[in-house]
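Q: Please take me closely through one part of this structure, the place where strands are paired, and then show me how the chains around it are built and where they meet. I would like the reasoning spelled out step by step.

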Amino acid sequence: MSDTHAQSVAFVRETAIPPAAPPSTAAGPVKWVRDNLFPTWANALLTVAALYVIWLVLSSTLPWILGGIWNTNSLAACREILDGRSAACFSVLTERWHQLLYGFKYPSELYWRPNLALLLLFFAAAPVLFFDLPRKLLIFTGLYPFIAYWLIWGGTILAPLVALAGFIAGYLVYARLVKASFAKGFLGGIAAAVIVWGIGGYLIPEGASDRAMLEAIPSRDLGGFMLNLMLGVTCVSLSLPIGIALALGRQSHLPLIKGICVVFIEFIRGVPLITLLFVASVMLAYFFPPESTVDLFLRVVIMITMFSSAYIAEVIRGGLAALPKGQNEAADSLGLDYAQAIRLIILPQALKISIPGIVNIAVGLFKDTTLVSVISLFDIVGMIRGPILASTDWNGVYWELLMFASVLFFVVCYGISQYSQWLERRLATDHR
Amino acid sequence: MTTLTDPPKESFKLSMLLNDTRYRSLTMQAIAALLLALAIVYLGNNLIQNLRAAGLNISYGFLGSASNYDINQTLIEYSSRSTHLRAAVVGILNTLLVALLACATATVFGVIAGVLRLSPNWLVRKLMAVYVEIFRNIPVLIWIIIIFTVMTASMPAPSAFRGEDPASSMLFGAFAFTNRGVYVPAPVWGAGSMVVVAVFVLSIIGVFAYRRYATKLLYDTGKLLPMFWPSVGIFLLPAILAFFIMGSPIGLDYPELKGFNFGGGIKIGAPLIALWFALSIYTGAFIAENVRAGIQAVSKGQTEAAAALGLRPGRVMNLVVLPQALRVIIPPLISQYLNITKNSSLAIAVGYADVTATLGGITLNQTGRAIECVLLLMLFYLTISLLISAFMNVYNNAAKLKER
């Protein structure tokens, strides 16, 4: 049988044919270009239009940037070298970079101090931003504000030490009393800190700042991008706890506390930041005791912190509202009291939900720190519009300076938002 | 026989104020009230002492006195002899003007960019992502200054338009872009022009009436009337007819070079352009993200179900996707409008005379009435934002999903 059959078929393939490559128009880059750039006529037109826009932008900016001059001392000298050619005078950056970054009064031989503070900031922020790092590093984060304060402002080391001692005393008392009840621990901690600060304030000798290890720098000498960074970091970190407290207050069942929080939040959110800065610059001084001199930097920090804490409170309220009611009831049925339920059950989940919102607020706030230039603080925008553009050497060089400021802000803000997206993916523990 | 007796009545103890939930809330509120009262007394006392030391008092009398300063762009009549109150009103109107303009253009930019970010075209998608990221991550104050610099430093002076072979020329012979601002043709209202305007307004109402009627007909009988072309016809034809029947009563007054500057037309000052455009592109980037999120929030099953019912793509968009997407888009859109209104206070950085610049700037500096000026300023912004949030609540209630 099989023999006859073998004769009846001329050819039998015994191995499988390897699959042929797809036609060149349906694979590889050609297919990608077809699918993504020219799928339909209308789309092809869009692609061409987009290419034209890109060409327009690049052809006008690239030669201007690449042909830039980096080593002259004034705009006139730069224009002379350019000889009518249109190109950038980046020499304003090489000559004035220190003013843009540190302001025009910070002593140049002391730049290492803010630099070191910035470097340490990365180490202090790392354990907060990345959970995998050992928790022990948080101790340094706790110490950082005092170190940074001492580095940037200088003066006697006793002042930050006393402040630190107050916090430590408060924490110790809190840790001892919190076992009895949270309220006792909380109030006791505050009382202990206030007592230590009061005593410490008397102990600091008069004129200690004059013979301090680090030369004291007054706040009005701070400026440039450093000022933006300082305002952003300080106000965001101060406004987080206040924002949490406001959000909890707004959810509270106690009508008076709820009322205070609602009025505060809605009032702050209803007015532009610039009016609050006006308050800081012209009005707030009336509310401090006479003879006290609270400097403008501190007043601005107070107002910006109030501003951002109201916004952060709203974000956290959204997180609290998004939690299922069952979480609260489950905490109750376990016998946890209010403080325990909030600390152990509610806040960890609510904060996780609110992280993207909080980061948005932080980015927005950091951008808004440029507004202080309106009340004549010399942040980076204030430096550009004030001392640099007003100087005879650099009067008329706008684009290079504004581009520099834009790039700085873009790098920081884009970096933060990328981090927040990473964190969101990282924390997404539900429905995958 | 055993008798049930009430448990011995617990007498009130002081520690119950902290430990008994019945009283604890009262204790907490009493403490809060006490602290609040202390803070108010302390701050008020400081205020009174400081004011007395500076020889000041709180009074709003300065609003009635002459302002003694000029404002370059005003919507109502104003001169330096007008009162501070009128200067504040000029500022308020200017704020509302730039806010309205910026809201409109920001919406247009945002919707276009948001839709294009979802385009199947890779290049367009990436380009829009770059636009959104660049504009969102750079402070709006810097954008305002950049555009203001473009307007004042890169635009030609009016003198460049002069001569036989001028260095610059007007766009379409009607728009002049100069470093003092943009000059556009102004409408001239002749006799009978009110009739044309009335007809135009009526035809807008007519368009809505027609669409309503067509929808009702569709729901009642299933009969489908054409929508687009009749709407365009009702919108345009009566007004054009009325325009020619009345003998072209509305003319245009073109800007012309007179002496050292342009005369005629409407001048839109460089500060207004800078503020308007910067707020539009900056907020547009945020709106683009809202629009994108809103469209993506409509689940794919909805589109597929609509397609399975046999709806054409345009109708899928109009009847299924958009109504659901708008529910997600509009609340953040309204809060972006609120942001525009608040950010318009940055006008002070480029010298646009909004309410912050008049009331909170020059008036404050001239009269030294810091507390009064700042309070009035806050009151204005607070009113606006409360109005907008009230509107938003009304919308949210109306748009809420009707569930069981």
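A: Two strands are said to pair if DSSP finds at least two bridges between them. With that in mind, and remembering that this is a predicted model, we can begin in chain B, where three strands form an open sheet in the order β1-β2-β7 with antiparallel pairing. Strands β1 (176-178) and β7 (266-269) of chain B stand at the edges, and because each has a single partner strand, one side of each is left without a neighbour in the sheet. From one strand to the next, the twist averages 20 degrees.

Looking at one pairing in detail, strand β2 (residues 181-184) of chain B is joined to β7(B) by four bridges, and these two strands run antiparallel. Within this pairing, Gly181(B) stands opposite Gly269(B), which belongs to β7(B). Helix α8 (residues 270-297) of chain B lies across both β2 and β7 of that chain, and its direction makes an angle of about 60 degrees with β7(B).

Chain A offers another picture, since its secondary structure comes to 17 helices and zero strands. Its C-alpha atoms fill a box of roughly 115 × 80 × 40 Å along the principal axes, and its radius of gyration is 30 Å, where a compact globule of 432 residues would have one near 22 Å. Of the 432 residues of chain A, 31% count as buried. Among the contacts in chain A between residues at least 6 apart in sequence, 67% join residues at least 24 apart.

Now consider where the chains meet, a contact that takes 41 residues from chain A and 48 residues from chain B. On the side of chain A that touches chain B, the elements giving two or more residues are α3 (41-66), α11 (255-270), α12 (273-283) and α17 (399-427) of chain A. The largest share of that side, seven residues, comes from α17(A). Sorted by class, the side of chain A that touches chain B has 33 nonpolar, seven polar and one charged residues.

One of these elements, α11(A), deserves a careful check. At 1.5 Å a residue, its 16 residues should span 22 Å, and its end C-alpha atoms are 22 Å apart, which agrees. The buried residues of α11(A) are Ile257(A), Ile260(A), Cys261(A), Ile265(A), Ile268(A) and Gly270(A). They pack against α10 and α13 (296-322) of chain A, and also against α2 (21-54) and α12 (370-399) of chain B.

Helix α12 of chain B is also the place of Ile371(B). Not counting residues up to four places away in sequence, Ile371(B) touches Met283(A) and Tyr286(A) as well as Ile58(B). Is Ile371(B) buried or exposed? A residue needs 20 or more other C-beta atoms within 10 Å to be buried and 12 or fewer to be exposed; Ile371(B) has 17, so it is partly exposed. Finally, Ile371(B) lies 41 Å from Gly263(B), C-alpha to C-alpha, and the two are 108 residues apart in sequence.

Note on methods:
Residues numbered from 1 in each chain as written. Chains lettered and ligands numbered in written order. Predicted model: local features only at pLDDT ≥ 70, side-chain atom pairs only at ≥ 80, totals over all residues. Contact = placed C-beta atoms within 7 Å. Nonpolar A, V, L, I, M, F, W, Y, C, P; charged D, E, K, R; others polar. Rg over C-alpha atoms; globule rule 2.2 N^0.38 Å. Expected span 1.5 Å × (residues − 1). Axes fitted to C-alpha atoms, helices over the stretch in contact; angles between N-to-C directions.
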